[in-house]
Amino acid sequence: MITYYIPRNSNIVVKKTVFDSGSEQHQVIDKDSTDYQAYLKWLEAGNTPLPADTGA
Amino acid sequence: MAYGTVNADVVQSSVSGVSLGAGNATLMKNRIINGAMVIDQRNAGASVTVSTATYCVDRWGFSGSQASKFTAQQNAGSVTPPVGFSNYWGLTTISPVSLASGDYFVAYQVIEGYNVADFGWGTANAKTVTISAWVYSSLTGTFGGSLRSSTNNYSYPFTYSIPVANTWTQISITIPGATSSTWNTTNGQGILVNFALGVGSTYSGTAGSWSANNYLSATGATSVVSTNGATFYITGVQLEVGSSATGFEYRQYQQELALCQRYYQRYNAGPAYTVYGYGTGFNASTINTFKPLQTPMRATPTTLDSSAANTFKFDSGSTALVATTISYNPNYTNANYIGIDLNIASGGVAGQSYVLASNNTTSSYLGFGAEL
């Protein structure tokens, strides 16, 4: 499953992938990348990244 | 008191015609890292099905236009490596592809600019280099690959032959230095070295010359991806200055590992309560954890991979708090130090010190990547 979050005190977007095994991958995504385009579509679909003030 | 004067900066070795300190006989002549495929931090010898972009044995990546067409594994198939080597990297086709023009499947290593700055590429003084390797395939024929610039628009396709199936063949390709294009000489992508496993016409060009194209292979090269179960194994990869291949440069294990850790560092649990680092409570549900890295990385890491969050816990005195989510915080990270925020359900205390440890499991891990 793929979600996105914005780390505390930053404007960086991180893509989080959780695999079937439970293992995770977190990837900082560049605004020029196809990953960032996917993030924008994810937002358009009504999703919201975790807010920065949760400390997540 | 005078002890004399040393005028030479070259030392003759016991090997005829080879001088230490000169040309391709220098230490660190091999610009490839983990060319003997010894280090496999991510997978520890396990097989993985590669996606469109997957790092496998350290420093070696796979890039494909389609996912799930290959498995990759250190010592896949358990064949005997060539004499002098203990490991190799193997790729096996698991879902054959009839190549379209835009398809590409390559095994590659990106060499950091600092490590090829002396090549002088992009200038009139560009040095000739030679790639050598041991290769093994279930297929025979003319195989392809390329060197490509940091701007991805200047490349040199090459070919080599594997005349006998399922037999190690030593190959050597000499490439004139590139006098044009832009070549990174700092901590970015210096040179991309590709070994092609099937590349369509869009990314294939005439072998044996530089051109202003993004070529990943030579026209007409053998396509490993087109045959189900086909194998391609490789080891002993060396890229050195000079017009002939010299003996493979073996490095001590710790030296090779440290070179790899500039790009990826994996921390695996040993005992079930292995300590990973230390943290400070941010609030009731968040603990900020900090971890110094074993070697400085190429740049601030951009990836964190880990076992499931609940394989970690925080200890403070007699209190143990199990992590519920992990978040990488690059805002508190640099090339020497990692910041991770871990959430817990409740019970955290702001300002309190915690120890981040494995939660009664030997399979937890944290990995940080600054690959090119």
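These legends go with an overview and three close-ups of chain B in a predicted model.

**Figure 1. Chain B as a whole, built from one helix and 25 strands.** Start here to get your bearings. The radius of gyration of chain B is 23 Å, close to the 21 Å that the globule rule gives for 372 residues, so the chain is as compact as a globular protein of that length. Along its principal axes, the C-alpha trace spans about 75 × 65 × 40 Å. Of the 372 residues, 54% count as buried. If you take the contacts between residues at least 6 apart in sequence, 75% of them join residues at least 24 apart. On the outside, chain B exposes about 14,800 Å², and carbon and sulfur atoms supply 51% of that area. As for charge, there are 13 positive and 13 negative charges, and their mean positions sit 2 Å apart.

**Figure 2. Glu112(B) and its partner Arg262(B), joined by a polar contact.** Glu112(B) belongs to strand β8, which covers residues 104-112. Is this residue buried or exposed? With a relative accessible area of 1%, Glu112(B) is buried, because anything under 20% counts that way. The side chains of Glu112(B) and Arg262(B) meet in a polar contact of 2.6 Å. Leaving out residues up to four places away in sequence, Glu112(B) also touches others, including Thr186(B), Asn187(B), Gly188(B) and Gly190(B). Tyr263(B), Arg298(B) and Leu372(B) are on that list of touching residues too.

**Figure 3. Thr231(B) in strand β16.** This strand runs over residues 231-241. Thr231(B) has 10% relative accessibility and counts as buried. Which residues is Thr231(B) in contact with, once its neighbours within four places in sequence are set aside? Look for Leu91(B) and Thr92(B), then Tyr136(B), Ser137(B) and Ser138(B), and finally Asn166(B) and Val224(B).

**Figure 4. Gly369(B) in strand β25.** Here we move to residues 365-369, the stretch that makes up strand β25. At 2% relative accessibility, Gly369(B) counts as buried. Skipping residues up to four places away in sequence, Gly369(B) touches Tyr263(B) and Tyr264(B), along with Met297(B), Pro301(B), Thr302(B) and Thr303(B). Tyr263(B) may ring a bell: Glu112(B) in Figure 2 touches Tyr263(B) as well. For a sense of scale, try finding Pro96(B): Gly369(B) and Pro96(B) are 273 residues apart in sequence, and their C-alpha atoms are 31 Å apart in space.

Key:
Residues are numbered from 1 along each chain as its sequence is written. Chains are lettered from A and ligands numbered from 1 in the order in which they are written. This is a predicted model: local features need pLDDT of at least 70, side-chain atom pairs count only at pLDDT 80 or more; totals for chains, interfaces and linings use all residues. Side-chain values use heavy atoms; hydrogens and water are left out. Helices (H or I, at least four residues) and strands (E, at least two) are DSSP runs, numbered from the N terminus. The radius of gyration is taken over C-alpha atoms; the globule rule is 2.2 Å times the number of residues to the power 0.38. Buried means under 20% relative accessible area, exposed over 50%, partly exposed in between (1.4 Å probe, protein chains only). Contact means heavy atoms within 4.5 Å. Accessible areas come from the Shrake-Rupley method with a 1.4 Å probe; for residues, only the protein chains shown count as cover. Lys and Arg count as positive and Asp and Glu as negative; His and the chain ends are not counted. The place of a charge is taken as NZ of Lys, CZ of Arg, CG of Asp or CD of Glu. A polar contact is a pair of N or O atoms within 3.5 Å; within protein, one must be able to donate a hydrogen and the other to accept it, and residues adjacent in sequence count only if both atoms are side-chain atoms.
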